[in-house]
Amino acid sequence: MEIIILHAPGIEKALEKELDKLGLTINDKSRGRIIVDTDLEGLYKAHIYLRTAERILLKMGTWKCHNFDQLFDGIKELNWSLAIDNTWNIKIDKVRSYRSEIKSSPITQKTAHKAILEALNCTEKTNNRKPANIRLYWDKDELLVGLDLTGDGLHKRGYREEAGKAPLRETLAAAMIIYSGWQPGYPIHDPFCGSGTILIEAALMDLNIAPGIKKTFTFEQMNFHEEDLWKKVKREARLQAKRELTSPLSGGDNYDKVLDTARLNAKKAGIGDQILFYKEDATKGEADFDEGYIITNPPYGERLQDKQKAEDLYRSLSQWNESYPSWRKVIITNNEKLEKLYNQQAHIKRYIQYGSLDVTLYQFN
Ligand SMILES: C[S@@+](CC[C@H](N)C(=O)[O-])C[C@H]1O[C@@H](n2cnc3c(N)ncnc32)[C@H](O)[C@@H]1O
């Protein structure tokens, strides 16, 4: 079987590293999607181990599709009963069309929907049926059809019912850590830690805790699902988890309330109080270790403070060169002037699109 792994554009290199570690082979990739050839065990592992993926779909098929007849016939022929039957509530969740004759429109959705209903002999309409979400992607008239296996997005780890004012997406925090080159054992300090997402993601990596281990997924109700194999994969993941952190992880923030949230989230994530959270002005901190990583998501200006204030703050961060001299600094922001304000050229810059926001990940070695 093939699965389509969805990710935020810009984090693919981090995801590829994860796939390599899991022993999953990439068949194909395009913007925001990586297609992997795997078996059921690989599908299960991808769901619980991947830290940077957003969602996983079962690849149902791909073919040249220029018109609605080709859409209807092609969709009707797919092997839907491998996964679902007429007890599911079919929904065409997303249609994306790029450089293709068929565009995203209500007729496209209706045609695809009708074809699946016919394929599954669905006649009755009842409420409260399990949702089967289907996505259609066209590129140069080539249609790719995927069935959602995940349900609630993979970024929802379950530890963050409490969030700060502008929380970072868990998957993006994980990508920042992977891109930074950090390895367990080395210190990380997040001087703008907010609800603690970056540090909690680092702790999960250090403790070898699979981020999706506590989640339930849509595939668990699908026809191909093998409960015994699923339990085995989860049991193996639990056995690999450690209890004690090897890395000194600390977070500062100048807002008391958000630090309480961070402590609570760390507890919910199973890390207890092993991350040190304390009140501090980010411009005044000093390194406790000779080497380490600052990985952080300062206020952008749009949502938390006004832009001018944020830029003044970025300017004062240049003093980290004295207070954290040999530390690698990894900063994410949507401000394109960061290097100028920080008075240093980044060694690596990565452009990431998440949600409606374009951000840049700057790495200063
Ligand atoms: C964008 S948020 C960080 C969100 C965090 N990554 C999370 O996942 O919740 C920025 C944080 O910086 C804090 N902050 C703003 N100015 C600060 C300063 N001068 N020193 C320390 N923290 C500051 C805010 O209270 C806020 O929690």
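Two strands count as paired here if DSSP finds at least two bridges between them, and strands themselves (E, at least two residues) are DSSP runs numbered from the N terminus, as are helices (H or I, at least four residues). With that in hand, one open sheet of 7 strands reads β10-β9-β8-β11-β12-β14-β13, with mixed pairing. Its edges are β10 (276-279) and β13 (348-354), each of which pairs on one side only. Neighbouring strands of this sheet are turned by 20° against each other on average, direction ignored; such angles run from 0 to 180 degrees between N-to-C directions, with axes fitted as lines to C-alpha atoms, for helices over the stretch in contact. The model is a predicted one, in which local features need pLDDT of at least 70 and side-chain atom pairs count only at pLDDT 80 or more, while totals for chains, interfaces and linings use all residues. Residues are numbered from 1 along each chain as its sequence is written.

At the β10 edge, β9 (249-253) and β10 run parallel and are joined by 4 bridges. Serine 250 sits opposite leucine 276 in β10. Lying across β9 and β10 is helix α8 (residues 256-268), which runs at about 170° to β10; contact between residues means that their C-beta atoms, placed from the backbone, lie within 7 Å.

β9 also turns up around the ligand: along with α6 (197-206), β9 supplies at least two residues of the shell. That shell has 22 residues, and the closest are Phe192, Gly194, Ser195, Thr197 and Ala282. To be near the ligand, a residue needs its C-beta atom, placed from the backbone, within 6 Å of it. By class, the shell splits into 12 nonpolar, 8 polar and 2 charged residues (Ala, Val, Leu, Ile, Met, Phe, Trp, Tyr, Cys and Pro count as nonpolar, Asp, Glu, Lys and Arg as charged, and the others, Gly among them, as polar).

Helix α6 has a helical partner too. The axes of α5 (residues 170-180) and α6 come within 9 Å and cross at roughly 65°. That makes α5 roughly perpendicular to α6 (65 to 115 degrees; under 35 is roughly parallel, over 145 roughly antiparallel and the rest oblique). The crossing is right-handed, as the term goes when the near helix is turned clockwise from the far one by less than a right angle, anticlockwise being left-handed. Thr197, already met beside the ligand, is one of the α6 residues that meet α5, where Glu170 and Met176 are among the residues involved.

The other sheet to look at is also open, with 7 strands in the order β2-β3-β1-β4-β7-β6-β5 and mixed pairing. β2 (25-30) and β5 (88-98) each have a single partner strand, so one side of each is left without a neighbour in the sheet. The twist averages 30° from one strand to the next. β2 pairs with β3 (residues 33-37) in the antiparallel sense over 5 bridges, and aspartate 28 stands opposite isoleucine 35 in β3.

Two further helix pairs round things off. The axes of α3 (residues 68-77) and α4 (residues 106-119) come within 8 Å and cross at roughly 30°, so α3 and α4 are roughly parallel to each other. Their contact divides into 9 nonpolar, 1 polar and 2 charged residues. For α2 (residues 40-49) and α7 (residues 227-240), the axes come within 10 Å and cross at roughly 45°, which makes α2 oblique to α7. This contact has 7 nonpolar, no polar and 3 charged residues.

Definitions and conventions: Contact = placed C-beta atoms within 7 Å.
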